[in-house]
Amino acid sequence: MEANDHIEPQLSLELYAYNENTLEKHHITSFLQLHPFIASPYKFWLNVIGIKNEPLLSGIAEIFEIHSLAIEDIRNNQQRPKLEEFDNLVLLISKMLYTKGNISEIQTEQVSMVIGKNFLITFQENEFDLFDGIRTRLENPLGKMRKLGPDYLAYTLFDAIIDEYYVLLEKLYDKTEQLEDLVMANHHKSLLSQIYRHRKSMQEIKKVVWPTREILSSWKKSESTFLKKKTQPFVNNIYEHSVEIIENLEMQRESITTLVEIYMTNISLRQNEVMKTLTIIATIFIPLTFIAGVYGMNFEYMPELEWKYAYLGIWIFFVLTTAGMVYYFKKKKWF
Amino acid sequence: MEANDHIEPQLSLELYAYNENTLEKHHITSFLQLHPFIASPYKFWLNVIGIKNEPLLSGIAEIFEIHSLAIEDIRNNQQRPKLEEFDNLVLLISKMLYTKGNISEIQTEQVSMVIGKNFLITFQENEFDLFDGIRTRLENPLGKMRKLGPDYLAYTLFDAIIDEYYVLLEKLYDKTEQLEDLVMANHHKSLLSQIYRHRKSMQEIKKVVWPTREILSSWKKSESTFLKKKTQPFVNNIYEHSVEIIENLEMQRESITTLVEIYMTNISLRQNEVMKTLTIIATIFIPLTFIAGVYGMNFEYMPELEWKYAYLGIWIFFVLTTAGMVYYFKKKKWF
Amino acid sequence: MEANDHIEPQLSLELYAYNENTLEKHHITSFLQLHPFIASPYKFWLNVIGIKNEPLLSGIAEIFEIHSLAIEDIRNNQQRPKLEEFDNLVLLISKMLYTKGNISEIQTEQVSMVIGKNFLITFQENEFDLFDGIRTRLENPLGKMRKLGPDYLAYTLFDAIIDEYYVLLEKLYDKTEQLEDLVMANHHKSLLSQIYRHRKSMQEIKKVVWPTREILSSWKKSESTFLKKKTQPFVNNIYEHSVEIIENLEMQRESITTLVEIYMTNISLRQNEVMKTLTIIATIFIPLTFIAGVYGMNFEYMPELEWKYAYLGIWIFFVLTTAGMVYYFKKKKWF
Amino acid sequence: MEANDHIEPQLSLELYAYNENTLEKHHITSFLQLHPFIASPYKFWLNVIGIKNEPLLSGIAEIFEIHSLAIEDIRNNQQRPKLEEFDNLVLLISKMLYTKGNISEIQTEQVSMVIGKNFLITFQENEFDLFDGIRTRLENPLGKMRKLGPDYLAYTLFDAIIDEYYVLLEKLYDKTEQLEDLVMANHHKSLLSQIYRHRKSMQEIKKVVWPTREILSSWKKSESTFLKKKTQPFVNNIYEHSVEIIENLEMQRESITTLVEIYMTNISLRQNEVMKTLTIIATIFIPLTFIAGVYGMNFEYMPELEWKYAYLGIWIFFVLTTAGMVYYFKKKKWF
Amino acid sequence: MEANDHIEPQLSLELYAYNENTLEKHHITSFLQLHPFIASPYKFWLNVIGIKNEPLLSGIAEIFEIHSLAIEDIRNNQQRPKLEEFDNLVLLISKMLYTKGNISEIQTEQVSMVIGKNFLITFQENEFDLFDGIRTRLENPLGKMRKLGPDYLAYTLFDAIIDEYYVLLEKLYDKTEQLEDLVMANHHKSLLSQIYRHRKSMQEIKKVVWPTREILSSWKKSESTFLKKKTQPFVNNIYEHSVEIIENLEMQRESITTLVEIYMTNISLRQNEVMKTLTIIATIFIPLTFIAGVYGMNFEYMPELEWKYAYLGIWIFFVLTTAGMVYYFKKKKWF
Ligand SMILES: [Mg+2]
Ligand SMILES: [Mg+2]
Ligand SMILES: [Mg+2]
Ligand SMILES: [Mg+2]
Ligand SMILES: [Mg+2]
Ligand SMILES: [Mg+2]
Ligand SMILES: [Mg+2]
Ligand SMILES: [Mg+2]
Ligand SMILES: [Mg+2]
Ligand SMILES: [Mg+2]
Ligand SMILES: [Mg+2]
Ligand SMILES: [Mg+2]
Ligand SMILES: [Mg+2]
Ligand SMILES: [Mg+2]
Ligand SMILES: [Mg+2]
Ligand SMILES: [Mg+2]
Ligand SMILES: [Mg+2]
Ligand SMILES: [Mg+2]
Ligand SMILES: [Mg+2]
Ligand SMILES: [Mg+2]
Ligand SMILES: [Mg+2]
Ligand SMILES: [Mg+2]
Ligand SMILES: [Mg+2]
Ligand SMILES: [Mg+2]
Ligand SMILES: [Mg+2]
Ligand SMILES: [Mg+2]
Ligand SMILES: [Mg+2]
Ligand SMILES: [Mg+2]
Ligand SMILES: [Mg+2]
Ligand SMILES: [Mg+2]
Ligand SMILES: [Mg+2]
């Protein structure tokens, strides 16, 4: 432990110690400052920024006796969302999802939470303002957060994270509607690659939300001493959100599948139209051209050529044939 | 609580107090009027209209000790149907589905029910006449509703709601049959967008009926003191309805999938027909036109041109070739 | 009860009272006749025809204390097949399926059975001869039916009903084979609508057989006092039938899906053939026609026109070009 | 029983009585010969050929007290594979699958086994040489078969049957590879009907292997006194085989689905090629033919006709236009 | 046993005996050398190369009392991955997957592990350098491997094997991206057969990873005395890896399915383009050619032929018609 103390210069952690009556904000600059809080009757929230900072993580791990596998999961920001119960604490890995404008570029930020007897430690790569509202609520001495344990605090953070999923769902939905309009009205060549990207976005969200639902389902049923009975109705609340998001994703996926079918059918319908144009023109004029060709032949003995009204007659024939064909195609509803 | 009493002016609630012998209808204008009923040996039904009315909801919540999460679900009219058991009551969120004429515009109205020891509270956004029949049945002193608890009353309301789903199912079925006829007879360009909207309608109903089945399945197995054993065979009855509706939706969905396939095949068949027309005409006349072109050439030495029966001969050749081709196409069953 | 007695004129029920030694057939014309049987040590089978006969049903319900929900299910001939255990009896709803010649017009007849301590009551809309064989077997004093309880009698009736499903399965299978031949040999336009109707027939059977399997699975595991241990191996026997029917339906469904694919591919192949015919003819004759057109031009200075062997030469050119093209298409395996 | 003795003339059964020390082969010609074995301390295997032989089956049933439903399953050679535990014995129905050369003609032979306290009875329609190896192993006094009970003997027979499934799987796999080559290289019209038959073969195997897996899963967990603990690791071994076969079938099914897709795409690609040929020829020559047609017109005042180099010029125009078009199509990668 | 000693010449096994304080490497050349280790308080790891070496395997089996079915699984390198608990040891069959460059040629190497009271025996066909890192970690006297039992050593080996799966997943992902680019940009004829091979690669990995997940799930829940509680969090860690790999495979499979759809749509779009080119050219020039043909006819009485501006007029007509058609096609967005 002392070894770690030597390389602590950049330590700069935020810690909220609280109970029903008091709330104190501390700025932690040395690991030594943490020991009194662990032993105290206060609950506290320690927010750790920078999961790539090796000495920081191993220091925290040592002080709070976090299992090496848990620290490995916290460090690995590709970790699948999970809830794992250890003997002395509970590990929860969640994912913040956000996007800058375009739904096809979803970004992920891992938020790990360690829930112990009287503490919550949160780990993030970068500082985010998503939790500002929670800090404010923590300042309210009458709020549930101050009465209930660190697991309730973890729930409120998770709730804030899941609320952001709805923002993405909204954007996804807008994109689906936009694709719907494009398919119905028109057909660009790029439509399918847009749909491909759209499906990939859905997959990315699904990849996070499915295990999130599993986590919440486990939490609801958990008998860990660190996850209190009193918090479970609240956890059920966000569990239902996760179920709703999954159902929404599934319904959008079905809609997209149907849109692709419509798009492909429109291509076929358009090809039919092109083919009909060609066939009508060719069917009318190819036989007429043949007739004209016949009377362009140079045989010496072709009696019709000398008839007075032959030329007039052949024009009448041309016009009647054309009219007949147009009538036939109209009857067949070709145009 | 007194604070709430101050902003009660618009309070206007309907309350039915009843037991096997008596039925009294009360008009509640102040929260204070409610307390005697809670303590009384009567069962009562309180019908609350206007879930956006904040003071109304928080007043009710306080008096009946409804959990804040339950009130939040009642207020949020996008809540997924659910059954949740709290220590002192049971919350049931259901959805009325209805449509004005056109099945493609399904409307939803949330009906929340709170079942307590001796009371049922129902919450709706707007007044509906769906429950009029139940009020009438409540007036019958020999009916089961008067003998059994508030959970049985909740069941009858839920039953009335689910009965309305069948009305929609009927309309859905009519639309499916109409699409069936359209696909079989003919093919408009708008057919696929109609099918798309039709599938969306099915999804909207499915979104409500699936969790409804879950609710009813939970209710059947529930051991809550507020959900009595005696009501369970009745709940099983509407549980079976929900299963039946789901099966029907599934069968219609399969039918629609097959219809889309038929529609696409019809497009292909029609294109084949167009192509065959073109090919027959072109295959007959293009070679003939070539022959006519040959005898339209201006070479000085072309012996056939001077033959006496050349022109007659070439017409015979034209007719025979055409007849041969027509015979060939007939044999190939091209028309 | 007395009220019901007044409107009993049309009562005409068949009742078999039996034990290992005796079998008596009674014709019931008044509800009063039924009471002695209930109290007697005999087992009896009461066959009720006419489920739309309100006074009849409510009379039976009152005498045998059948739950109102059970009577409602018996009366509703759209009821999904089910097995429901009540305190004093077991309700089983089954469906007879039959068809007059054409598999695409499946007809359904509901057979409801109420199994009590010493009786079986069967309810049907119309009299059917399906149960004649069972009446004969009942007359055999050495048969199991006489030794075992009314649940065994119910089993034999259900067995007779399920045996009829195999008849339909056979017809379904014949139709599948017929469609198979049609798809392989040829392609009518009506084929897809035939397949559509065929799939609907399968759905109708599936709709009955799936819940039938559920019923039999429940019966096998039931601990009801009215469903005896001794009957369970027999029930397992028809349970296996239901599983087999479901597997058969599923396999036919897969075959039909593949047939549709083959049908669509055949359409494409045929279109390819049409297109190739057109392309071969056009590719050969269009260039030749151009050449003929060139020598049909009227320019004053066209030296070839005066050459002696020009006309012969051009015919040689025509023939060689055609032969070359034919060779090229042969090599490309276009025909 | 005596009644049966009268019609026993054709009785000719093989019986092996054995224990760790002795093995005796007996030829049974009368039912009376069987009684001493049942009562003896020896284990024995009775092999019954000819399940259509009514007196034989009912005689065996009577002597060994086989339930009438079990005998019915043994007699019905369409019976789905199953394992059923009765009070005094266990019934196992299995299927031998084999084929003479062509995988598309799979044949089935039912092998039923009845496992009792000290005996195994096997029932087959026809004699097969599949079990010869087992007879040989039985002769080895040190083998497990002699030490362990009749359930182990049943296991070895079942193992031999399942080993034959691998032979079919191998043939199926060869056919899949053959179809793969056909699809990749070329496209016959018969390919899809071959694939259709291939899928049917898979279905037939699946129909046997799925319930076989169920049987083995039940056996592994069975607590029947006739199925010993010691045999269970061996049963697990063939259980794993059945899982493996199912996975293999599933993978081949997916491959076939993909092959059909590739086949259909190849048809489209080929059609594209045909269409491009037509379009190139027509696009080049139709405009040229028009130009030739223009100078074939017979107007009196057509100044170009008299120009000296007009004919040369028009040929230059023809050649340049064609070259331009060819360049354009090359650039568009049409050929 | 002595019999085996006679044919031991080629015996050459590596054995690590270790506890928290010591690590000794032994080279085993005779089975007799093994007995002292089994009885010693040391833990040891015996690495067996060459599973086709019959006397070697049967010698090991005899000394360590490995069940004959377990030895059979070890010997059969087509064995599905599995975890099986025997009375005196646990058998784990895993698969190393690797590929030389090209993902479409995945190679498999079976690694079997036998975990006993104080030993781990590993069986491989060929020597691999994958385990070198583990040998190095074993040399570290402070590592968990030295403290914990042979099951932990087995876990580290399995972990190393599963880490290699990620290497394949990476390559698979690269290939998917490459196919994505090919589909988006262009369309070779070979694309579908590439996709076909790609899907087969996925299947091969899936075939290994699915049972691997099952193994790890069993291990997590196992109550075997040879699989210690302390190792379970580590096993959970690689269990999560297997889940992640499966999810990734599933997502790639969905992407590939969508890519095939896009590819097929691109073929259709391209065909539309070809058809439009043909139709535009033919629709413009065929009618014009007809008109030219008309004035190429040789009728004696054709007044227009003598008009002065007829030729000019007809050119104006040609140009205007063409312009009109081009305008019409532009308006229809055909090009
Ligand atoms: Mg759902
Ligand atoms: Mg879902
Ligand atoms: Mg869904
Ligand atoms: Mg789902
Ligand atoms: Mg769906
Ligand atoms: Mg598709
Ligand atoms: Mg169903
Ligand atoms: Mg369903
Ligand atoms: Mg279903
Ligand atoms: Mg379905
Ligand atoms: Mg479903
Ligand atoms: Mg489709
Ligand atoms: Mg099945
Ligand atoms: Mg099935
Ligand atoms: Mg289905
Ligand atoms: Mg299936
Ligand atoms: Mg199924
Ligand atoms: Mg299948
Ligand atoms: Mg499809
Ligand atoms: Mg499978
Ligand atoms: Mg699998
Ligand atoms: Mg399957
Ligand atoms: Mg699978
Ligand atoms: Mg799969
Ligand atoms: Mg698949
Ligand atoms: Mg397809
Ligand atoms: Mg998955
Ligand atoms: Mg998943
Ligand atoms: Mg999936
Ligand atoms: Mg999935
Ligand atoms: Mg999916």
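**Burial, salt bridges and surface patches in a predicted model**

Reader: Why does A:Glu14 count as buried?

Author: A:Glu14 has a relative accessibility of 16%. Buried means under 20% relative accessible area, exposed means over 50%, and partly exposed lies in between (1.4 Å probe, protein chains only). The value of 16% falls under the 20% limit, so A:Glu14 is classed as buried. The model is a predicted one, in which local features need pLDDT of at least 70 and side-chain atom pairs count only at pLDDT 80 or more, while totals for chains, interfaces and linings use all residues. Residues are numbered from 1 along each chain as its sequence is written, chains are lettered from A and ligands numbered from 1 in the order in which they are written, and side-chain values use heavy atoms, with hydrogens and water left out.

Reader: What makes A:Glu14 and A:Arg135 a salt bridge?

Author: A salt bridge is a side-chain nitrogen of Lys or Arg within 4 Å of a carboxyl oxygen of Asp or Glu. The N to O distance between A:Glu14 and A:Arg135 is 3.3 Å, and the pair therefore satisfies the rule. A:Glu14 belongs to strand 1 (residues 13-18) of chain A and A:Arg135 to helix 5 (residues 132-139) of chain A, so the bridge ties together parts that are 121 residues apart in sequence. Helices (H or I, at least four residues) and strands (E, at least two) are DSSP runs, numbered from the N terminus. With 10% relative accessibility, A:Arg135 counts as buried. A:Glu14 and A:Arg135 also belong to a network of salt bridges that links them with A:Lys25, A:Glu127 and A:Asp132. Over all chains, the rule yields 75 salt bridges.

Reader: How do you know that the pair A:Lys200 and E:Glu180 joins two chains?

Author: The closest N and O atoms of A:Lys200 and E:Glu180 are 3.3 Å apart, in a salt bridge. A:Lys200 lies in helix 8 of chain A and E:Glu180 in helix 7 (residues 150-185) of chain E, so the pair joins two chains. A:Lys200 is partly exposed at 22% relative accessibility, whereas E:Glu180 is buried, with 16% relative accessible area.

Reader: What makes C:Arg80 and C:Glu214 a link between parts apart in sequence?

Author: The side chains of C:Arg80 and C:Glu214 meet in a salt bridge of 3.4 Å, N to O. C:Arg80 lies in the loop between helix 4 (68-75) and strand 4 (82-85) of chain C, and C:Glu214 in helix 8 (residues 191-221) of chain C, so the bridge ties together parts that are 134 residues apart in sequence. C:Arg80 is buried at 14% relative accessible area, and C:Glu214 is partly exposed at 42%.

Reader: Why does A:Lys230 count as exposed, and in which patch is A:Lys230 found?

Author: The relative accessibility of A:Lys230 is 60%, which is over the 50% limit, so the residue counts as exposed. A:Lys230 gathers with A:Arg137, A:Lys144 and A:Lys147 in a surface patch of positive charge. Patches are made of residues with over 30% relative accessible area and no salt bridge, like charges being joined within 9 Å and nonpolar side chains (Val, Leu, Ile, Met, Phe, Trp, Tyr) within 5 Å. A:Lys230 is located in the loop between helix 8 (191-221) and helix 9 (232-294) of chain A.

Reader: Which residues form the negative surface patch of chain A?

Author: A:Glu170, A:Asp174, A:Glu177 and A:Asp181 form this patch. A:Glu170 lies in helix 7 (residues 150-185) of chain A and is partly exposed at 48% relative accessibility. That value is over the 30% required for a patch.

Reader: What makes up the nonpolar surface patch of chain A?

Author: A:Tyr309, A:Leu312, A:Ile316 and A:Leu320 make up the nonpolar patch, with about 450 Å² of accessible area together. A:Tyr309 sits in the loop between helix 9 and helix 10 (310-331) of chain A and counts as exposed at 57% relative accessibility.

Reader: Why is A:Ser255 called buried, and with which residues is A:Ser255 in contact?

Author: A:Ser255, in helix 9 of chain A, has a relative accessible area of 7%, under the 20% limit, and is therefore buried. Contact means heavy atoms within 4.5 Å. Leaving aside neighbours within four places in sequence, A:Ser255 is in contact with B:Tyr196, B:Lys200 and B:Gln203.

Reader: How far apart are the nearest C-alpha atoms of chain A and chain D?

Author: They are 9 Å apart, and chain A and chain D do not touch.

How values were computed. Areas by Shrake-Rupley, 256 points an atom, 1.4 Å probe, with all protein chains shown as cover. Lys, Arg positive; Asp, Glu negative; His and termini not counted. Charge placed at Lys NZ, Arg CZ, Asp CG, Glu CD.
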